[in-house]
Amino acid sequence: MSKLHASATQPSSGYRYVYGPCATVFQATKTGTWRTHRPVVNQELCNRCSKCARYCPSDLFSMDRKDRSVPVTIDMEYCKGCGICAEVCPLKAIEMVPERSVR
Amino acid sequence: MRTVLGALGERTILVIPPGCAAMFSGYGKETAVKVAGIQGCLENTAAIAAGIRAGLEVQGIEDVNVVAFAGDGGTVDIGLQSLSGALERGDRIIYICSDNEAYMNTGIQGSGSTPYGARTTTTPAGKRNFRKDMLAIAVAHRIPYVASASAFYPEDLRRKVLKARDCGGPAYIHMFMPCPTGWGYPSEKSVEISELAVKTRIWPLYEVVNGKYRLTVTVNDPVPVERYLRMQRRFRSLTDEDIAAIQAFVDAEYEKLLERVNH
Amino acid sequence: MSVRKLLDGNGAAAEAMRLARVQVVSAYPITPQSPLAERLADYVADGSLKAKYIRVESEHTAMSAAVGAQLTGVRTGTATSSVGLALMHEVLGLASGCRVPIVMPVVNRSLVSPWSLWCDHQDTMAERDSGWIQLYVENCQEVLDTVLMAYRLAEDPRVLTPTMVCMDGFFLSHTSEAVIVPDQAEVDAFLPPYKKQNMYLDVEDPMFVNDLTPPGDFTEMRWQQKVGFDNALTVLEEVQEEFARRFGRRYHILDAYRCEDAEVVLVAMGSMSGTAKYVVNQLREQGKRVGVLRIVCFRPFPVEQLREVLRNVPVVGVMDRTAGLGAEVGPVCTEVRAALSCSDTPHRVVGFMGGLAGRDLSPAIMRKVFNQLLDIAAGAPAPTAMQWVDVRPDAMEIREVKQRV
C-alpha cells in the first residue's frame, strides 16, 4: 500500500491551500513605470466635470465633484501616460508633460 | 471592463480567453478583477460560459450574470463554433466581443474582423477582403438581444449591458476597442478615433431587440471615412481608389442598416 | 434492492451516471458512444435524472461546458470515443490542470486515418499524458461498478484528478450482459452529493481560476498533480475495498489471474482479457503454467504492484491494442518493460499487438501468443520487436488500382 502524500506545513489560520492555478490577490504590475509623459492637472482651472475620470482607461482619477478645495489626484503608480484625459478635458485643464520634467 | 462590471455588479462570473483581456485575469497570484472568473482556452469561451450557466441553473441560482469577454480572434475566428452553439441553444450568457480588429496580444496578426485595407503582420500589404459581419451572424441566431457598442461610448455601453442582462436569453454585444499600438495612432486620440468611427458610419451604434433594429446613436451628417482612415498607420498603404471603395462599402452597409431600422 | 438488467456497456455506463446523480450532461454523439448520450437524454426527459442537458455542438465544447459547470459545484456527465476524444484533447488538459474531478466513460475506438468505427485503444493511449486517471474494464458489470467508483476516486481531496473509464467499442459498448444494478439508496450511501472544493466559481467566494502562471510556479503545480496521481492508487484500493463491502463485488488495480506459479504471464487490458483467461484455463488443463495479468488502472501505472506480481515470472508477454508507431513496442509493453527494468529478478518481456479497429482477438490468436511465450520460456529467443499477431502477409498489396484510375 503506497504512502499518501501530505503537505509538510499547515496553512495559516483562516487560510487553506489551493492546488492548481488561481489568483486571489487584487493587484497588478505597476504600469506607471511605462510612461514617457505624465498628466498634470491645473487644479484652479478644473471644474470637476469628471470627464477625465470617466474616460481614463485605468480608472485612476479621484476627485470630489462638489468640493473644489479637494485636489484632483491620479494614481501615478499605474498611470501609463496615454494622454486621453488631457485630450478629452473640455477646459484643457490637463497638460501632458515629459516624465522627467520638473512639474 | 469597468463599465461592464460597474453595470452588472459583484454577482457576476467572467470567462476570459487568452488575449489582451487576459490582462484582467492576472498573472500568478494576482488578478485585476474582484469577481469570480476563469481563463479558458482561445476557442471555448462561450462553451465554458454555457456550462457555468447550466451549473448555476441546476442549483437554482438565477441571479448571477455569466459574462464572456473575448477578443475578435477568439470570437469571429476560432471561437465562432462554440459561440454559435451557445446562441442556438439559447444559453443565457452575455457575450461581449472586444474588437480591436486583430490578434493584438500576440503581435498584431490579422483576424476575420480586420477591416479592408488594414495592415497587420499577416496582411502586410493591407487586407484584401472585407471583415465578417459578426452582428449579422448573431442576429441570424434569433437571440433576444444583439448590439454594437464602443468602449469610449460608456453610457451607451452601460445601457446595452443592462439590456443584455435583462433580455432573458443569450445576448451578444460587439464592442469597438481601438488599439494605439496595433492601429498606429497616438494613444491620446483613442476617444477621437472612437467618435470618428461612429461619425463616419463605419461603426454604427445600434441594437437588435428580438429582431427589431434600432439605432442608439444617429449620424445624420457623416464624416468622410478618409478622416478616420488617414489617422491610422495601419491604413497607410490605401490608395485613393481604396478609400473610395471603402466609402462606397460603408455607405451601402449603412443604407442596408437603415432599411432594417425602418422596416 | 439491486436488480438485474440486460445492459450493454453504454447502458451500464448511463445507469451508473444516473445513479451518481450527475446534474449537468454535455455529451456529443459519436459511434459507438451515441446510445450512451441518447440514454442520458431519455433519463432527463422522463425525469429519472434531474439534470440540465446541454446539447453541445462538438466534443471540444462538451468538455469545456463540463469544466465550466463542475467548477460551479455540480457533478457533470460526459462521454466520448475516438476522434471525439482527440478533439477534446486541449480541454482535457484544462480539466486536469485545474483539478476538476470529471468522470468520463470513453468507448475505445481507433483514431483516423484510416477511418474506422471499431475498437482499439489508440484513442485513450493518445491521452495517456493528459493528466487524467485511466481505468480499463473487462465487462459490462465492471463498466457500471467502475464508473461509480471513479467518482469517489476522482473527487477524493487527496486525488482531485479527472478520470476516464475505458470500455472497448462494440465488444463492450454494444454487447449485452446481465448486469446487477444497485438501487439508488445504496449508491447514495456510497457516493455522497458533489461538493465544490479546491478551486471553484462562486460569487460569494470569488477567485480567478486558471490565470497565466509564471515559470517559477508551474513546476510546483505539476508536482501537485503528481501528488494526486501518487495518492490515486492507494485511494482506489480503499474505494474498491469499500465497494466490495457495500456491493459484494471485489475489484483490484491489477487483476492477476492464475499468476501465482506461472512461468508465462500475458499482460492485457480491456475485453481481450476475458478471452485470454479462457485460453489460460484451457492451457492449464494441459499442465501449462500460464496466467493473465489484466491492468485495470493504466494511469497511474501501478509499477510496484506489477513488479510484485511478476517477480518470479520469467517470461512476460504484453498484448497492446494500438500500433504504437515509431516505438519498438506498443505503449503498454513499453510501460511494462520500464517497470520491470527496475525489478531485481530477470524477465524477458515480449510485445504483441493485434485487434486493431475491431479485429477480434480470438482464442486462436491468444493460443498462438501463449504458445510462442511458452517456447521462449523453454529457451527459444525472445524477439525485441513488437509481434504483429494478426497482420496479413499481403499487407503491402491490398489496394491494387489501375495506373490511371
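Here are three short exercises, each with a worked solution, on a predicted model.

**Exercise 1. A helix pair in chain C**

Task: Find the angle at which α9 and α12 of chain C pack, then say how the pair is classed and which residues make the contact.

Solution:
- Step 1. Two packed helices are described by the angle between their axes and the distance between those axes.
- Step 2. Locate the partners: α9(C) covers residues 272-285, and α12(C) covers residues 363-377. They pack at about 60°, and their axes are 9 Å apart.
- Step 3. Class the angle. Roughly perpendicular pairs have 65 to 115 degrees and roughly parallel ones under 35 degrees, so α9(C) is oblique to α12(C).
- Step 4. Add the hand: α9(C) and α12(C) cross in a right-handed way.
- Step 5. List the contact. From α9(C) come C:T275, C:A276, C:Y278, C:V279 and C:L283, while α12(C) brings C:P363, C:M366, C:R367 and C:F370.
- Step 6. Sort these residues by class: 7 are nonpolar, 1 is polar and 1 is charged.

**Exercise 2. Where chain B touches chain C**

Task: Work out how many residues of chains B and C are in contact, which element of chain B gives the most, and how β3(B) pairs with a strand of chain C.

Solution:
- Step 1. Count both sides: 37 residues of chain B are in contact with 39 residues of chain C.
- Step 2. Look for elements of chain B that give two or more residues to this side. They are β1 (12-16), α2 (22-25), β3 (36-39), α3 (45-58) and α5 (80-89).
- Step 3. Pick the top contributor: α3(B) gives the most, with 11 residues.
- Step 4. Split the chain B side by class, which yields 17 nonpolar, 15 polar and 5 charged residues.
- Step 5. Turn to the strands. β3(B) pairs with β10(C), residues 208-209, in the parallel sense over 2 bridges. Within this pairing, B:G37 stands opposite C:F208.

**Exercise 3. Two domains in chain C**

Task: Give the bounds of the domains of chain C and describe the side of domain 1 that touches domain 2.

Solution:
- Step 1. Set the bounds: domain 1 of chain C takes in 3-192 + 213-247, and domain 2 takes in 254-388.
- Step 2. Place them: the C-alpha centres of these two domains lie 27 Å apart.
- Step 3. Count the contact: 25 residues of domain 1 meet 20 residues of domain 2.
- Step 4. Name the elements of domain 1 that each supply at least two residues to that side: α5 (122-125), β7 (133-136) and α8 (215-247) of chain C.
- Step 5. Finish with the classes: the domain 1 side has 14 nonpolar, 7 polar and 4 charged residues.

Methods:
Residues numbered from 1 in each chain as written. Chains lettered and ligands numbered in written order. Predicted model: local features only at pLDDT ≥ 70, side-chain atom pairs only at ≥ 80, totals over all residues. Axes fitted to C-alpha atoms, helices over the stretch in contact; angles between N-to-C directions. Helix = DSSP H or I, 4+ residues; strand = E, 2+ residues; numbered from the N terminus. Parallel < 35°, antiparallel > 145°, perpendicular 65-115°, else oblique. Left-handed = near helix turned anticlockwise from the far one by under 90°. Contact = placed C-beta atoms within 7 Å. Nonpolar A, V, L, I, M, F, W, Y, C, P; charged D, E, K, R; others polar. Pairing = 2+ DSSP bridges. Domains from an automatic or database assignment.
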